[in-house]
Amino acid sequence: MNDYQKIQNDQQLPFHLIVFDENTPQDLHFYPRHWHEHLEIVATITGKGKVWIEGEEYQIKDNNVFVISPMVYHQVQGSFPYTHDIGYCLQIDLSRFDSLFPKLSKQYYPTCSQKISSTIIHEINLLYQDMMDNKDNYDLIIRIIKILQMIDKQKTTYPIQSEKYKNRLLQIS
């Protein structure tokens, strides 16, 4: 199934944060092949599994991050038993940040270096803590901007994988 997924923003904010832990329902540890118009960051603190991005398979392991560009087909599957899967899925509406990061929606960064992964996981942890502490929306947006800056500065050696993806990018340009 190649479903489009509409991202629901939290509190009218331009992002949605999903937490995965031992309390997460088992059906949320598997997202079948889909795409959406938002950037998605899958950050694993502990756990194993697989993620497919534009047909390429990557192994999920402790302390790694996958950045899934807008309009890219992808699928995520944790490994059973899910009691050891702890992490986040952060979905960001990049249209709200176009003036700051005009090229970010057209870049392709499926994986991050260990240093960048650790820093992104740390920032997402802080974002989650700020949300639980009911911090001001301004503080939450500053955290999102820090995360986007890290991704924007990352160098990539990954070419765009498919003609379908190139065509989707051209349609939204």
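1. The chain exposes about 9300 Å², and carbon and sulfur atoms supply 51% of that area. Please keep in mind while reading that this is a predicted model. Of the 173 residues in the chain, 47% are buried, and the points below ask where some of these buried residues lie and what they touch.

2. As for the overall layout, the chain has three helices and nine strands. Read from the N terminus on, the elements run β-β-β-β-β-β-β-β-β-α-α-α, an order worth having at hand when you trace the chain in the structure above. Among the contacts in the chain with a separation of 6 or more, 78% are accounted for by residues 24 or more positions apart.

3. The interior can be described through its nonpolar cores. The largest nonpolar core has 29 residues, and the residues with the most contacts inside this core are I41, L90 and I92. The elements that give two or more residues to this core are β2, β4, β7, β9, α1 and α2, and the element that gives the most is α2, with seven residues. Apart from this core lies another one, of 10 residues, which includes V42, V72, V76 and Y108.

4. What does I41 touch, not counting residues up to four places away in sequence? The contacts of I41 are V65, F66, Y88, C89, L90, I92, I120, I124, I147 and I151. Two of the residues in that list, I120 and I124, are buried residues of helix α1, and another, C89, is itself buried, with a relative accessible area of 4%.

5. Helix α1 covers residues 114–132, and its length can be checked with a short calculation. At 1.5 Å a residue, the 19 residues of α1 should span 27 Å, and the C-alpha atoms at its ends are 27 Å apart, so the expected span and the span in the model agree. After α1 comes N134, whose phi is positive, near 55°.

6. The buried residues of α1 are S117, I120, I121, E123, I124, L126, L127, D130 and M131. When looking at their spacing, it helps to recall that an α-helix has 3.6 residues a turn, so residues three or four places apart point the same way. The cover over the buried residues of α1 includes the strands β2 (15–20), β4 (39–46), β7 (64–68) and β9 (86–92), together with the helix α2 (137–153).

7. D130 deserves a closer look within α1. Is this residue buried or exposed? With 8% relative accessibility, D130 counts as buried, because the cut-off for buried is under 20%. Leaving aside its neighbours within four places in sequence, D130 is in contact with K135, L140 and R143.

8. How many aromatic pairs does the structure hold? There are two. In the pair of Y58 and F66, the ring centres are 5.9 Å apart and the planes are at 50°, so this pair is tilted. Y58 is buried, with a relative accessible area of 13%, and F66 also counts as buried, at 2% relative accessibility.

9. The other aromatic pair is formed by Y88 and Y128, and this pair is tilted as well, with 5.9 Å centre to centre and 55° between the planes. Because Y88 lies in strand β9 and Y128 in helix α1, the pair ties together parts that are 40 residues apart in sequence. Y88 is buried, with a relative accessible area of 7%, whereas Y128 is partly exposed, with a relative accessible area of 28%.

10. A further link across the sequence involves I141, which has its place in helix α2. I141 is partly exposed, with a relative accessible area of 21%. Although I141 and P14 are 127 residues apart in sequence, they are 8.3 Å apart in space, C-alpha to C-alpha. Not counting residues up to four places away in sequence, I141 touches L13, P14 and F97.

11. A last point concerns the cysteines. C89 is buried at a relative accessible area of 4%, and C112 counts as buried at 15% relative accessibility. With a disulfide taken as a pair of cysteine sulfur atoms within 2.5 Å, the count of disulfides in this model comes to zero.

Methods:
Residues numbered from 1 in each chain as written. Predicted model: local features only at pLDDT ≥ 70, side-chain atom pairs only at ≥ 80, totals over all residues. Heavy atoms only, no water. Helix = DSSP H or I, 4+ residues; strand = E, 2+ residues; numbered from the N terminus. Buried < 20%, exposed > 50% of the residue type's maximum accessible area, 1.4 Å probe, protein only. Contact = heavy atoms within 4.5 Å. Expected span 1.5 Å × (residues − 1). Core = buried A, V, L, I, M, F, W, Y, C linked by side-chain atoms within 4.5 Å. Areas by Shrake-Rupley, 256 points an atom, 1.4 Å probe, with all protein chains shown as cover. Phe/Tyr/Trp six-rings, centres within 6.5 Å; stacked < 30°, edge-to-face > 60°.
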